[in-house]
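Work through the exercises below with the model open. Try each task before you read its solution.

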Amino acid sequence: MAKINRRSVGAQREQQAAEYLRAKGYEILAQNIYTPFGELDILAGQGDMLIFTEIKYRSGMQCGDPLEAVDRRKQKRICQSAMYYYAQHGYGKPCRFDVIAIYGDGRIVHIENAFEYQF
């Protein structure tokens with residue numbers, strides 16, 4: 001039995017999410033942004049809004065719903081990473097935080113403005 005490469009699966013799902021966002025009219029500005037606080041999966045643009053998008057995938061529900069993986073601790077890390085990114089790039093645009101869940105059966109659930117900035 002072949003070992004599953006989680007990094008490869010994650011990259012495939014992030015690409016799937018990027019294509020989904022493009023089809024909805026978003027501009028993909030960056031992917032896999034590494035900061036001292038963690039990784040930002042996708043930075044997209046829509047009008048004058050920057051959208052920091054977290055991607056979660058689960059092949060089955062035995063590990064829980066992918067949306068549940070974006071808990072307060074994860075939200076805080078995403079917000080810290082976003083603030084670091086803002087500081088490095090001097091953005092003055094408003095932002096929001098979206099979450100995209102991809103399920104093993106192919107379903108995609110996109111929650112816009114999934115959470116507010118966490119301190």
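## Exercise 1: A strand pair and its rings

Phe97 stands opposite Phe115 in β5. The model is predicted.

**Task.** Classify the ring pair of Phe97 and Phe115, and place the pair in the chain.

**Solution.**
- Step 1: take the distance. The ring centres of Phe97 and Phe115 are 5.1 Å apart. The cut-off for a pair is within 6.5 Å.
- Step 2: take the angle. The planes of Phe97 and Phe115 are at 15 degrees, so the pair is stacked. Stacked requires planes under 30 degrees apart.
- Step 3: locate the partners. Phe97 belongs to strand β4 (residues 95–103) and Phe115 to strand β5 (residues 108–115). They are 18 residues apart, and the pair links distant parts of the chain.
- Step 4: check burial. Phe97 and Phe115 are both buried.

## Exercise 2: A second ring pair

**Task.** Do the same for Phe52 and Tyr86, then find the cluster that holds them.

**Solution.**
- Step 1: start from the count. The model has five aromatic pairs.
- Step 2: classify. Phe52 and Tyr86 lie 6.0 Å apart, centre to centre, with 45 degrees between the planes. The pair is tilted.
- Step 3: locate. Phe52 is in strand β3 (residues 49–58) and Tyr86 is in helix α2 (residues 72–89), so the pair ties together parts 34 residues apart in sequence.
- Step 4: check burial. Phe52 is buried, and Tyr86 is buried too.
- Step 5: widen the view. One aromatic cluster is formed by Phe52, Tyr85, Tyr86, Phe97 and Phe115.

## Exercise 3: Charges over rings

**Task.** Which arginines lie over the rings of Tyr57 and Tyr103?

**Solution.**
- Step 1: look at Tyr57. The charged end of Arg13 sits over this ring, 4.5 Å from its centre.
- Step 2: look at Tyr103. Arg107 lies over its face, at 4.0 Å from the ring centre.

## Exercise 4: The two sides of α2

**Task.** Check the length of α2, then sort its buried and exposed residues.

**Solution.**
- Step 1: test the length. At 1.5 Å a residue, the 18 residues of α2 should span 26 Å. The end C-alpha atoms are 25 Å apart, which agrees.
- Step 2: list the buried residues. In α2 these are Gln75, Ile78, Cys79, Ser81, Ala82, Tyr85 and Tyr86.
- Step 3: ask why they share a side. They cover an arc of only 165 degrees around the axis, which puts them on the same side of α2.
- Step 4: turn the helix round. The face turned away from the buried side of α2 carries exposed Arg73, Ala87 and Gln88.
- Step 5: find the cover. The buried residues of α2 are covered by parts including β1 (27–35), β2 (38–46), β3, β4 and β5.
- Step 6: look just past the end. Right after α2, Gly90 has a positive phi of about 65 degrees.

## Exercise 5: Strand pairing

**Task.** Work out the direction and number of bridges for β2 with β3, β3 with β4, and β4 with β5.

**Solution.**
- Step 1: take β2 and β3. They pair antiparallel over five bridges. Gln46 stands opposite Met49 in β3. The two strands form a hairpin with two residues between them, and Gly47 in the turn takes a positive phi of about 65 degrees.
- Step 2: take β3 and β4. They pair in the parallel sense, over nine bridges. Thr53 has Asp98 in β4 as its bridge partner. Glu54 has Val99 in β4.
- Step 3: take β4 and β5. They run antiparallel and are joined by five bridges. This hairpin has four residues between its strands, and Gly106 in the turn has a positive phi of about 95 degrees.
- Step 4: check cover. Seven of the ten residues of β3 are buried, so β3 is largely enclosed by the rest of the structure. In β4, eight of the nine residues are buried.

## Exercise 6: The whole chain

**Task.** What pattern do the helices and strands follow along the sequence?

**Solution.**
- Step 1: count. The protein chain has two helices and five strands.
- Step 2: read along the sequence. The pattern is α-β-β-β-α-β-β.
- Step 3: add burial. Of the 119 residues in the protein chain, 38% are buried.

Technical notes:
Residues numbered from 1 in each chain as written. Predicted model: local features only at pLDDT ≥ 70, side-chain atom pairs only at ≥ 80, totals over all residues. Heavy atoms only, no water. Phe/Tyr/Trp six-rings, centres within 6.5 Å; stacked < 30°, edge-to-face > 60°. Buried < 20%, exposed > 50% of the residue type's maximum accessible area, 1.4 Å probe, protein only. Lys NZ or Arg CZ within 6 Å of the ring centre and 35° of its normal. Expected span 1.5 Å × (residues − 1). Arc of directions from axis to C-beta. Contact = heavy atoms within 4.5 Å. Pairing = 2+ DSSP bridges.
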